[in-house]
Amino acid sequence: MTPLAVSLDVFGSLDFWIGVGLLAATYGIFTLGLQLNVGFTGVINFGQAGFMAIGAYTMAILVVEAEISFWLALGASILVAMAAGLIIGLPSLRLRADYFAIVTIAFAEIIRYTAVNARELTGGSQGIGGFDGAFLDLSDLMLEGLDSFGLGDQFLLPLLIVAVAVFGLLTVGMYFLQRSPWGRVLRAIREDEDAARALGKNAFAYKLQSISIAAALGAVAGWFLALNLAFISPTQFDPLFTFLGFAVLILGGLANYFGVILGAIILWTLLEGLRLMDLPLDASQTAALRYVLVGLVLIGLMAFRPQGMLGKRQEMVLGD
Amino acid sequence: MEVEAAEAGAVEKERGRLAGLSSGASLSPPVVAGLIVASIAVALIVTQGLQPFGQTTVNGLISASYFALGAVGLTLVYGTLKLVNFAHGDLLTLGAYVAFVANVSLGLPILLAVLCSVAVVAAFGVATERVMWRPMRAKGAGLLQLLIMTLGLAFVIRYSIQLFAGTQPRSLEVDVTSSTSFVGLTIGQTQLIVVLAGFAVLLAVGAALRFTSLGKQMRALSDNFELAEVAGINTDRVVLATWIFAAGLAGLAGVLYTSAIGNMTPNLGFFLLLSLFAAVILGGIGNAYGALAGGVLLGLTQEWSTLLVDARWKLAVGFLVLILVLVVRPQGLFGRQERAL
Amino acid sequence: MTEQAVPGEPDRAPEPAGDVDGEAILAVRDVAKHFGGIHAVDGASFEVRRGSITALIGPNGAGKTTLFNIVTGFQRGDRGEVIYDGASIFRRPPHVIARRRMVRTFQITKALAAMPVIDNMTLAAPDQPGEKLTGLIFRAPAARRREKEVHERAHELLDVFGLREKADDYAGTLSGGQRKLLELARALMVEPRLVLLDEPMAGVNPSLGRKLLDHMHTLRDRDGVTFLFIEHDMDVVMAHSDEVIVMAQGATIASGPPEEVRNDRAVIDAYLGASVA
Ligand SMILES: Nc1ncnc2c1ncn2[C@@H]1O[C@H](COP(=O)(O)OP(=O)(O)O)[C@@H](O)[C@H]1O
Ligand SMILES: [Mg+2]
């Protein structure tokens, strides 16, 4: 056997595709927020992982520590994330796009350090689990139904179904929101804030709305991340994940919500596929190889096809 | 005709910048900042005692040396090329690992290893300019495009290093155990060298920027790209010099960091990047002296904060300072307003 | 999160000018603005009569654009007062001023190149409940109705300005002159009472320029819209304006009917002192 022999079996397994589907749906929802900010508002949000962390931790802490109902906690986590979006946006959205990018990544890092350091609440680097009881009840119910298709032992399948359904609904929802007069104002702001203001649009208020909706989407992605692993810890909210979201965004194409679906599926198939292939590398090297590829994809796209797969060249206006 | 109007606009802006320069009102904020720092220092001495204050100050100066050296390149590249370089931190990583290869794998003496690493990283910086940044500028790439490209480059550098070197911590052949005490303050032998070397280079950098014609041109270009073009500075040459300078110092900063901390991992640069941004923003983006001062201030702030809150929070404190500065005075201590808004 | 609508603002076309007996729609009093050491605007005072076409002239660098910026809220004046339609708008944010039906164009056109022409137009329409998230949810039918009206109006205006066939193209594909027309058409979507035009004729070929001027007269005569425009071409100014305001070195040095201003000593000096652009 040559050292480079690679087994492609993994692509035939259901487990593999359930895993990919869950990641694609989770980071797809995550990236819908980035699309809203970057693709349609011209606001460079580098802190999406922070909003995801806020969503996941709020949900987990409310369920585990405050013993609030799981379903209520979901709603609460969205509100908290949106509030965080407002808090970070209010003072800093008036800054130029690149400064805002730096503020948001700093914000996300502060959130992550808080997750590491506020051990009593977050479990520190150990993380927290045990918040998903209510969801597992629902999941069991769904598995009973799935059993009749012979899929009763795919215990992540219910979560996948829910995640994909939510991702699909949100994508369509965002698509229609973008086609509304509200979305039209956003696009105007993306291109030229002053033109929008001269026509009576309160650009700042729209940017705030954009960032807090993105935060809400980040929070929803946070739920699925948490439910997928049944456990959350600070490493899952590394800035790396925001950048993977950007890879999804750019791959699929700026200013196109359906591009997010495409980008998410392609990126995660690639990443998970590489991880499971029999490469003659150890785990950290495989991880490294994945991200080298991500980096090359980002560079290549920006150099040769900045609009990605579905984006429109004419709408690449940011930062001119 | 349309072009004429646009040009008229550019000229108007130009005059605006000149007006900003001549206002003279930008002298006081650094003084104010100095007074604030001094009063914080006094308050800390009074409440926490002289010895703890002195010790944290020493620690702060250690990180100040590599913060400042890393930040000055980041700010110059930003100023000259409008490039928010998210790969700058990974140039520090590259510097550290080149030194490792030279020093440990090839067995070269540490001083030679440092020179190797400065040279290799500087060459790498020039290569990225030639292969990536210059062609992209020629294409008229926008802010977002360049930003994402730097992210991509950051990934490639960091994970290529990880691919070859793994994630286990590596150390240079430097003495990390023995330390010196002086008037009750302790500092590691190597750390002392780091501080001395770091600040010596800082002074040299400051002098070079101030007194050599290339340095003056670099600052002028970084502070005001269009103006420098109008004024006829040979921008291409200065841009290359900026990369050599920025990347070389980043390589050096990486080695200093690794020596001071005792080991290196592939994500050290990314980990430092936000602190470098904080230093840059503190000093005012594009302003070389500002970055030097910002690096020192940030190092001190982070270490002094350990007197008041648990040391686990010191990085978060640095980022909080970054956000506060951007909110309160987005142009930084030395910058001019129109750059940030 | 939601924006405050300007209370009591009718969402109909502007009222006709009524009898023109010197009532001012805009009054600028002793406005000043400096940038560092440059006094860009330095004690400018003038009035714009309701229903007039008023020209603002002055050598390059006289502070005309800066004055526009202060009046429309894009820059903060250092001192002074700006009264529009009986109320102060000094230092109010631009969107608030625009919603009171004062709209401006820019010296360097701001056609939104990455949006289709039709979206440029519909964007500008006021009182669209669908521009607010709450309106989208709770006033969906009203939003749809308004959108229909707005589209009709946009197409009418595009017809008038000869941009009909371009409706679905990206505005970035238009020529420089067409962009100027689009910017004016878009401004009219706001249903303005006062329109400020910063060098509308610059970079426009003469026949398009004519068209622009004709539109200005039609709109003034038919709808009572007031125009204040910055212009360098003296023939245009003399032929098309009811009043002329002259600025030099940040101050207004003369104003009155064109013939009068033409013979004003101070104006001649100002123009001889600086190059006529
Ligand atoms: N943002 C600005 N910063 C600094 N100076 C400015 C700025 N805008 C305009 N100026 C200066 O103010 C003066 C008036 O400019 P402007 O209002 O554009 O004149 P005009 O439109 O009459 O040609 C000029 O000297 C110009 O250089
Ligand atoms: Mg002007």
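This is a short dialogue on reading a predicted model.

Colleague: What should I know before I start?

Modeller: The model is predicted: local features need pLDDT of at least 70, side-chain atom pairs count only at pLDDT 80 or more, and totals for chains, interfaces and linings use all residues. Residues are numbered from 1 along each chain as its sequence is written, chains are lettered from A and ligands numbered from 1 in the order in which they are written, and side-chain values use heavy atoms, without hydrogens or water.

Colleague: How many helices and strands does chain C have?

Modeller: Helices (H or I, at least four residues) and strands (E, at least two) are DSSP runs, numbered from the N terminus. Chain C has 10 helices and 10 strands.

Colleague: What share of chain C is buried?

Modeller: Buried means under 20% relative accessible area; exposed is over 50%, and partly exposed is in between (1.4 Å probe, protein chains only). Of the 277 residues of chain C, 56% are buried. Contacts, meaning heavy atoms within 4.5 Å, tell you about the fold too. Take those in chain C between residues at least 6 apart in sequence: 69% join residues at least 24 apart.

Colleague: Which residues have the most contacts inside the largest nonpolar core?

Modeller: A nonpolar core is a set of buried Ala, Val, Leu, Ile, Met, Phe, Trp, Tyr and Cys residues joined through side-chain atoms within 4.5 Å. The largest one has 259 residues, and A:Phe46, A:Trp268 and B:Phe86 have the most contacts inside it. Helix H6 (residues 143-165) of chain B gives the most to this core, 16 residues. Domain 1 (1-111 + 191-277) and domain 2 (114-173) of chain C both give residues to this core, so it lies between them. Those bounds come from an automatic or database domain assignment.

Colleague: What does B:Phe86 touch?

Modeller: Set aside its neighbours within four places in sequence. The contacts of B:Phe86 then include A:Phe46, A:Ile102 and A:Phe243 in chain A, and B:Leu147, B:Leu151 and B:Phe277 in chain B. There is also a second, separate core of 26 residues, which includes C:Ile25, C:Val48, C:Tyr84 and C:Ile89.

Colleague: Which protein atoms hold the magnesium ion?

Modeller: Look for donors: N, O and S atoms within 2.8 Å of the metal (3.2 Å for Na, K and Ca). Water is not among the atoms, so sites may look incomplete. For the magnesium ion (ligand 2), the protein donors are C:Thr65 (OG1) and C:Gln107 (OE1), 2.0 to 2.4 Å away. C:Thr65 is in helix H1 (residues 64-71) of chain C; C:Gln107 is in the loop between strand S6 (102-104) and helix H3 (117-123), and the two are 42 residues apart. Both C:Thr65 and C:Gln107 are buried.

Colleague: Why would a positive phi catch the eye?

Modeller: Because most residues other than glycine have a negative phi. C:Asp85 is not a glycine, yet its phi is about 55 degrees. C:Asp85 sits in the loop between strand S4 (79-84) and strand S5 (87-88) of chain C. At 28% relative accessibility, C:Asp85 is partly exposed. C:Arg91 also has a positive phi, near 65 degrees. C:Arg91 lies in the loop between S5 and helix H2 (94-99) of chain C. Its relative accessibility is 37%, so C:Arg91 counts as partly exposed.

Colleague: Where is A:Asp192, and what does A:Asp192 touch?

Modeller: A:Asp192 is in the loop between helix H8 (181-191) and helix H9 (193-198) of chain A. A:Asp192 has 16% relative accessibility, so it counts as buried. Beyond residues up to four places away in sequence, A:Asp192 touches C:Lys110 and C:Leu112.
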